[in-house]
Amino acid sequence: MSRLKIERAAVLGSGVMGTALAAHLANAGLDVLLLDIVPPELTEADRAQGLTRKDPRFRNRLATRSLEQALKSEPAPFFTKGLARRIHVGNLEDDLPKLAQVDWILEAVVERLDIKRSLFEKVEAHRQAGTIVTTNTSGLSIGDMSQGRSDDFRAHFLGTHFFNPPRYLHLLEVIPGPDTKAEVVDFMTAFGDRRLGKGVVAAKDTPNFIANRIGAFAALHTIHAMIESGLTVEAVDKLTGKTIGRPKSATFRTADLVGLDTFLHVARNVVENAPQDESRSVFEPPTPIQQMVERGWLGEKTGQGFYQKSKDADGQRVILSLDLKSMEYGPQEKVSLPVLEMAKNVSDLGERLQMLVADRSPAGEFLWQTLSATLVYAATRVPEISDRIEDVDAAMRWGFGWELGPFEIWDVLGVERIARRLEKEGRPVPALVQTAIAHGGSFYVSDGPQQLVLTSAGERESWAPPEGVIVLEREHAAGREVKRNAGASLIDIGDGIACFEFHSKMNSIGADTLGLLQWSLDEVTRNFEGLVIGNQGPNFSAGANIMLLLLEAQEGNWDEIDLAIRQFQKATTSLRKCLRPVVVAPFQLTLGGGCEFVLHADRVQAAAETYIGLVEVGVGLIPGAGGTKEMAARALADLPPQADPLPPLMRVFETIAMAKVAKSAREAFDLGFLRQGDGITMNSDRLIAAAKAQVQALAEAGYVPPPPAEILAVGRDCLAALRTGVRQMLVGHFISEYDAQLADKVAWILCGGELTRPTKVSEQYFLDLEREAFLSLVGQRKTQERMAHMLKTGKPLRN
């Protein structure tokens, strides 16, 4: 068999999901052919343009329009819009011969077995032997789809079930058919992981596979229970969202986003194709849900579902909720449940779940009934849907956004405790749960750095992360922590490389973090070959600790604030002065001070999903830890002699003054936050290991820290030009007086003040300008109002 590879792909079907899949394949660097059917007839607009049925613009219209719509969509399916050039559109009549030129054919047409089979028959007439063919079905039988196809087709055919939107949701279920070659499954698993950046789980060819099987049960059981309990839609969403470690969209908002037609299609698949499922009746939609579908109330796509956007008597936008008894929309009730108030005071999810299910109020009983039913259902489905409980847990975390998977919840609630309560209520205890009780009373067991997992066969086996993945929690458990305080840790991650890990709330950067960093840089210089700065929390860093800064400002402790700025500046500049290479590994939110850490690294290894920016103006400040200085230096570093410095400096000015945030690591290159030599890792699970490899490469190449830099301060002429632009924005009422003041401070620093002519100056010169501007702003009432507003709402205040 020839070596499998994928560089060119075809996506069949340009619906919302098919086009989003094509976009993500383009994100991963593939050339993509996107095909859809030929429109049934010419429209009046077609005729007005003089198109005929033979015109490619008519014949490719569906795929073309889908791609155009994708470029306007939010959240964006592309890392950058320029990646859309990797996608070439066509149709399923004229362009099927082009399938002979691709390495992977991904089907994403309507969820009907007959249509998929018919399409695969046509595909087989054109595909080359050995080409991988996969279906993105959300739950139809892989084996049934491949019936009637050749041996080679079936050997290279399997399910690859992505979750929508595929760029953002981590889960990829890989489902072999009865004849799929093992090497094809292994290849697609590795390709999905490393190239596409997905968390891959192996699923069995059963209705709805893993995540949709359990997720649909959980949602439908909740809806049935709600109707019986008399709780409202909004009350159930309050109970079943963040409170229990689920997404904020909870039950009904999620159903609206997915679409009730799609939701019921998934449910119907179990009813029709899982006759042995003892809980099939749960998948039968209750009467109100059927009525909603009949009326076309499908959720977000039709403008109304469980919620409806409307306007009140004053014309203000409001969101109404549906009363499932009267089937009428009305104002949402204010949900006030004692159990929710108590839950707010418990930060640890495991402890919070224990408190919630122990509560005997109607709301607590509702949570117990719905949560315990889902736990029982998940345990009963193993080994039917998967042999590995860790894959079931991962599928629910990655595909549905649960903080804990069902078996992890079993453990935090106490397997024996839950089993006893089930028995007391006369409910069955799954065989797998009884096995867990017989083997120590849990599904997962930690033995020092080693984690043991209960198998479906009732044995304990060691679990280890995939090759090339470093899990910092395991490094801590293995006793590799060098030093720790409340804000950060230094960890030995092997091969002479250390990792500096943030672990404060939101990974905000305070004095404890900065203090340990200075100690760690000295320690790395003495005893290590290099340093990674990274962590595995929800976000890399939200920046400096605004709460502490606001308190100091309100107390008028200006000397303390001045010292804090100096310490932060010393920390970021020390990264570049360190005698060992430093690589920063940002991911997700990397804002303010977190971005300034990135800007001062020798190299950056960023996760593809990195949202990075200098956003300090949003709280009435300027980047004060070297960020403004560094962006000025980057803008002017390669400026040719006699070239006008204003255009590159203007771009940086706009980036900082408008608090622009790159929406991907690729866009971060465009905005100047990343530069040549920095890397991107598609799968954030592999980020720390990839950053470690960067450090090792720098060390092995004989790393020498860069010499002290001199930066061009362009002076008053460029400053005058920037100020003119700010004045025009103010006169045009596009910005406020206060915004203009902030923009002026940014311009002042970027230009190096009002020097009479361009002059090379030291980094410290720019750092002093930053500190002076920062201190002049932090004491102002409007700045403190902005900081307070950001802390309260998480959003910037415009005043």
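Student: Leaving aside neighbours within four places in sequence, with which residues is F153 in contact?

Tutor: In this predicted model, F153 has its place in helix α7, residues 151-155. Its relative accessibility is 0%, so F153 counts as buried. Once neighbours within four places in sequence are set aside, the residues in contact with F153 are F120, V123, E124, R127 and V133.

Student: How far apart in space are F153 and Q128, C-alpha to C-alpha?

Tutor: In sequence, F153 and Q128 are separated by 25 residues. In space, their C-alpha to C-alpha distance is 9.5 Å.

Student: Within what arc do the buried residues of α27 fall, seen down its axis?

Tutor: Helix α27 has 12 residues, 646-657, and reaches 15 Å from its first C-alpha to its last, close to the 16 Å expected at 1.5 Å a residue. Its buried residues are P648, L649, V652, F653, T655 and I656. They line one face of the helix, because the arc within which they fall is 160°.

Student: Which helices are included in what covers the buried residues of α27?

Tutor: An α-helix has 3.6 residues a turn, so residues three or four places apart point the same way. The buried residues of α27 include L649, V652 and I656, and the buried set lines one face of the helix. The cover over these buried residues includes α26 (627-636), α28 (665-671), α30 (716-731) and α31 (737-750).

Student: Is A659 buried or exposed?

Tutor: A659 follows α27 and has its place in the loop between α27 and β23. Although A659 is not a glycine, its phi is positive, about 50°. The cut-off for burial is under 20% relative accessible area. With a relative accessibility of 18%, A659 therefore counts as buried.

Student: Which strands stand at the edges of the sheet β20-β22-β23?

Tutor: This is an open sheet of three strands with mixed pairing. Each edge strand has a single partner strand, so one side of it is left without a neighbour in the sheet. The strands at the edges are β20 (588-591) and β23 (661-662).

Student: What is the bridge partner of G613 in β23?

Tutor: Strand β22, residues 610-613, pairs with β23 in the antiparallel sense over two bridges. Within β23, G613 has as its bridge partner V661.

Student: What is the average twist from one strand to the next in the sheet β9-β10-β11?

Tutor: Three strands form this open sheet, and their pairing is antiparallel. Its edges are β9 (307-311) and β11 (328-331), each having a single partner strand, so one side of each lacks a neighbour in the sheet. From one strand to the next, the twist averages 45°.

Student: Which residue in β10 is the bridge partner of K309?

Tutor: Five bridges pair β9 with strand β10, residues 317-323, in the antiparallel sense. In β10, K309 has as its bridge partner I319.

Student: Which residues of β8 point to one face and are buried?

Tutor: In a regular strand the side chains alternate between the two faces of the sheet. Strand β8, residues 199-202, shows alternating side chains, with V200 and A202 pointing to the face where they are not buried. Pointing to the other face, and buried, are G199 and V201.

Student: Which residue stands opposite G199?

Tutor: Strands β7 and β8 run parallel and are joined by four bridges. Opposite G199 in β8 stands L171.

Student: How many nonpolar, polar and charged residues has the contact of α23 with α24?

Tutor: Helix α23 (residues 546-555) and helix α24 (residues 558-577) pack at an angle of about 145°, and their axes are 8 Å apart. L549, E552 and A553 of α23 make the contact with W558, E560 and I561 of α24. By class, the residues in this contact are four nonpolar, no polar and two charged.

Student: What is the omega of the peptide bond that joins N164 and P165?

Tutor: Most residues other than glycine have a negative phi, and most peptide bonds are trans. P165 lies in the loop between β6 (157-162) and β7 (171-176). The bond joining N164 and P165 is cis, with omega about 0°.

Student: Where is P75, which a cis peptide bond joins to E74?

Tutor: The peptide bond between E74 and P75 is cis, with omega about 0°. P75 is found in the loop between α4 (61-72) and β3 (87-91).

Student: What does M506 count as at its relative accessibility?

Tutor: M506 is found in the loop between β17 (497-502) and α22 (511-527). Its phi is near 60°, a positive value in a residue other than glycine. Since its relative accessibility is 45%, M506 counts as partly exposed.

How values were computed: Residues numbered from 1 in each chain as written. Predicted model: local features only at pLDDT ≥ 70, side-chain atom pairs only at ≥ 80, totals over all residues. Heavy atoms only, no water. Buried < 20%, exposed > 50% of the residue type's maximum accessible area, 1.4 Å probe, protein only. Contact = heavy atoms within 4.5 Å. Pairing = 2+ DSSP bridges. Expected span 1.5 Å × (residues − 1). Arc of directions from axis to C-beta. Axes fitted to C-alpha atoms, helices over the stretch in contact; angles between N-to-C directions. Nonpolar A, V, L, I, M, F, W, Y, C, P; charged D, E, K, R; others polar.
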